[in-house]
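Colleague: Got a minute to walk me through this one? I'd like to poke at the fold and the packing.

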Amino acid sequence: MAKPLSELIKAVNKEPQRRTLEYKEETYEYWSTDITMGERERVKATQKDKEDNNEFGLKLLIKKALKKDGSKMFQPGQYAELKEEWPAAELEEAMMGLLGKDEVEAEEQEGNAKGKG
């Protein structure tokens, strides 16, 4: 028997999940919880360019990426450093790791809809 949709909140895993990326044949890890709509809205509110998905993704990574012990991996002041120092492909892979398939598709659809206006 199916459960009521309202029961979903009880089933949500609020523990950080391990996420990885590969760079030069080495595996790097970070941890994060699933993104909520509230977190998404708060990150979007801090953007200078509301249309820039890369800015959104990087700010989300800074907010959500954790070390294994649960402490923050990055500080907000590291935005410029990460943007300038990390290889773009690896930074994008880490950002995409935070976003599930549905979130990525929603971001793309939102961008496409605004572009058609």
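What follows is a short back-and-forth about the fold, the core, the helix pairs and a loop.

Colleague: Before we start, what kind of model is it, and in what order do the helices and strands come along the protein chain?

Modeller: It's a predicted model, so keep that in mind throughout. The protein chain has six helices and two strands. Reading along the sequence, the order is α-β-β-α-α-α-α-α.

Colleague: How much of the protein chain counts as buried?

Modeller: The cut-off for buried is under 20% relative accessible area. Applied to the 117 residues of the protein chain, that gives a buried share of 29%.

Colleague: Which helix supplies the largest share of the largest nonpolar core?

Modeller: That core has 18 residues, and among the members touching the most others are Tyr30, Phe56, Leu58 and Phe74. Helices α3 (53–64), α4 (79–85) and α5 (88–98) each put in at least two residues. The largest share is five residues, and they come from α3.

Colleague: Is Leu58 buried or exposed?

Modeller: Leu58 sits in helix α3. Leaving out residues up to four places away in sequence, Leu58 touches Tyr79, Leu82, Lys83, Leu91 and Met95. Its relative accessible area is 3%, and the cut-off is under 20%, so Leu58 is buried.

Colleague: How far apart in space are Leu58 and Glu92, C-alpha to C-alpha?

Modeller: In sequence, Leu58 and Glu92 are 34 residues apart. Their helices meet as well, with Leu58 in α3 and Glu92 in α5 both listed in that contact. In space, the C-alpha to C-alpha separation of Leu58 and Glu92 is 8.1 Å.

Colleague: Are α3 and α5 roughly parallel or roughly perpendicular to each other?

Modeller: Their axes come within 9 Å and cross at roughly 70°. Angles of 65 to 115 degrees count as roughly perpendicular. So α3 and α5 are roughly perpendicular.

Colleague: And by class, what residues make up the contact of α3 with α5?

Modeller: On the α3 side, the residues include Gly57, Leu58 and Leu61, and on the α5 side they include Leu91, Ala94 and Met95. Sorted by class, the contact of α3 with α5 has two charged, two polar and seven nonpolar residues.

Colleague: What about α2 and α3: how do their axes sit relative to each other?

Modeller: The axes of α2 (residues 37–45) and α3 come within 9 Å and cross at roughly 120°. Roughly perpendicular stops at 115 degrees and roughly antiparallel starts over 145. That makes α2 oblique to α3.

Colleague: How many charged residues are in the contact of α2 with α3?

Modeller: From α2 you get Glu39, Arg40, Val43 and Lys44, which meet Phe56, Lys59, Leu60, Lys63 and Lys64 in α3. There are three nonpolar residues and no polar ones, and the charged residues number six.

Colleague: Which residues does Phe74 touch, not counting residues up to four places away in sequence?

Modeller: Phe74 is one of the core members that touch the most others. Two of its contacts, Leu61 and Ile62, are on that list too. The full set is Leu61, Ile62, Ala65, Leu82 and Trp86.

Colleague: What is phi of Glu25, and where is Glu25 found?

Modeller: Most residues other than glycine have a negative phi. Lys24 has a positive phi near 50°, and Glu25 also has a positive phi, about 65°. At 81% relative accessibility, Glu25 counts as exposed. So phi of Glu25 is about 65°, and Glu25 is found in the loop between β1 and β2.

Methods:
Residues are numbered from 1 along each chain as its sequence is written. This is a predicted model: local features need pLDDT of at least 70, side-chain atom pairs count only at pLDDT 80 or more; totals for chains, interfaces and linings use all residues. Side-chain values use heavy atoms; hydrogens and water are left out. A nonpolar core is a set of buried Ala, Val, Leu, Ile, Met, Phe, Trp, Tyr and Cys residues joined through side-chain atoms within 4.5 Å. Buried means under 20% relative accessible area, exposed over 50%, partly exposed in between (1.4 Å probe, protein chains only). Helices (H or I, at least four residues) and strands (E, at least two) are DSSP runs, numbered from the N terminus. Contact means heavy atoms within 4.5 Å. Axes are lines fitted to C-alpha atoms, for helices over the stretch in contact, and angles run from 0 to 180 degrees between N-to-C directions. Angles under 35 degrees count as roughly parallel, over 145 as roughly antiparallel, 65 to 115 as roughly perpendicular and the rest as oblique. Ala, Val, Leu, Ile, Met, Phe, Trp, Tyr, Cys and Pro count as nonpolar, Asp, Glu, Lys and Arg as charged, and the others, Gly among them, as polar.
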